[in-house]
Amino acid sequence: MQCSISECKEKAMETVKISFRETRNLCKVHYKLFENKDKKYNPKFSKASDF
C-alpha cells in the first residue's frame with residue numbers, strides 16, 4: 001500500500017482517520033508530522049544587531 005500524500009512514493013505504515021468519513025494511509029514521515037500537528041512550539045527571537 002502506498003502513502004496517500006500525492007507527492008510521496010513511500011510505503012504506507014499506518015492508517016489514520018482524518019475526519020468522520022475520511023481515512024488516509026501515511027508513510028513513516030507523514031505519520032510523524034500528523035502525530036505532532038497539535039503541538040505548540042514557542043518561537044525563539046534574537047536581536048539582529050545592537051546599535
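What is the mean pLDDT of the protein chain, and what percentage of its residues reach 70 or more? The mean is 85, and 96% of the residues reach 70 or more. The structure described here is a predicted model. Within the protein chain, confidence is highest in β2, at 92, and lowest in helix α1 (residues 28-35), at a mean of 89.

**The strand pair**

Strands β1 and β2 run antiparallel and are joined by four bridges. The connection between β1 and β2 is a hairpin of five residues. Strand β1 covers residues 14-17, and β2 covers residues 23-26. Two facing positions can be named across this pair: Glu 14 stands opposite Leu 26, and Thr 15 stands opposite Asn 25. In a regular strand, side chains alternate between the two faces of the sheet.

**Asn 25 and its surroundings**

Asn 25 belongs to strand β2. With a relative accessible area of 17%, Asn 25 is classed as buried because this value is under 20%. Its side chain forms a polar contact of 2.7 Å with the side chain of Thr 15, the residue that stands opposite Asn 25 in the strand pair. When neighbours within four places in sequence are set aside, Asn 25 is in contact with Met 1, Gln 2, Cys 3, Ser 4, Ala 12, Glu 14 and Thr 15.

**Cys 3 and the nonpolar core**

Cys 3 lies in the segment before β1. Its relative accessibility is 6%, so Cys 3 counts as buried. Beyond residues up to four places away in sequence, Cys 3 touches Cys 8, Glu 10, Lys 11, Ala 12, Asn 25, Leu 26, Cys 27 and His 30. The largest nonpolar core has five residues, namely Cys 3, Cys 8, Val 16, Leu 26 and Cys 27. Three of the contacts of Cys 3, those with Cys 8, Leu 26 and Cys 27, therefore involve residues that are also listed in this core. Cys 3 and Thr 15 are twelve residues apart in sequence, and their C-alpha atoms are 9.4 Å apart in space.

**Lys 9**

Lys 9 also lies in the segment before β1. Lys 9 counts as exposed, because its relative accessibility of 66% is over 50%. Its C-alpha atom is separated by 8.9 Å from that of Cys 27, which is 18 residues away along the chain.

**The salt bridge**

The structure holds one salt bridge. In it, the side chains of Glu 22 and Arg 24 meet at 2.9 Å, N to O. Side chains of opposite charge can pair when their charged atoms come close. Glu 22 has a relative accessible area of 33% and is partly exposed; Arg 24, at 33% relative accessibility, also counts as partly exposed.

**Accessibility of selected residues**

The table collects the values for the residues discussed above.

| Residue | Relative accessible area | Class |
|---|---|---|
| Cys 3 | 6% | buried |
| Lys 9 | 66% | exposed |
| Glu 22 | 33% | partly exposed |
| Arg 24 | 33% | partly exposed |
| Asn 25 | 17% | buried |

Note on methods: Residues are numbered from 1 along each chain as its sequence is written. This is a predicted model: local features need pLDDT of at least 70, side-chain atom pairs count only at pLDDT 80 or more; totals for chains, interfaces and linings use all residues. Side-chain values use heavy atoms; hydrogens and water are left out. Buried means under 20% relative accessible area, exposed over 50%, partly exposed in between (1.4 Å probe, protein chains only). A polar contact is a pair of N or O atoms within 3.5 Å; within protein, one must be able to donate a hydrogen and the other to accept it, and residues adjacent in sequence count only if both atoms are side-chain atoms. Contact means heavy atoms within 4.5 Å. Two strands pair if DSSP finds at least two bridges between them. A salt bridge is a side-chain nitrogen of Lys or Arg within 4 Å of a carboxyl oxygen of Asp or Glu. A nonpolar core is a set of buried Ala, Val, Leu, Ile, Met, Phe, Trp, Tyr and Cys residues joined through side-chain atoms within 4.5 Å. pLDDT is the predictor's confidence in each residue, from 0 to 100.
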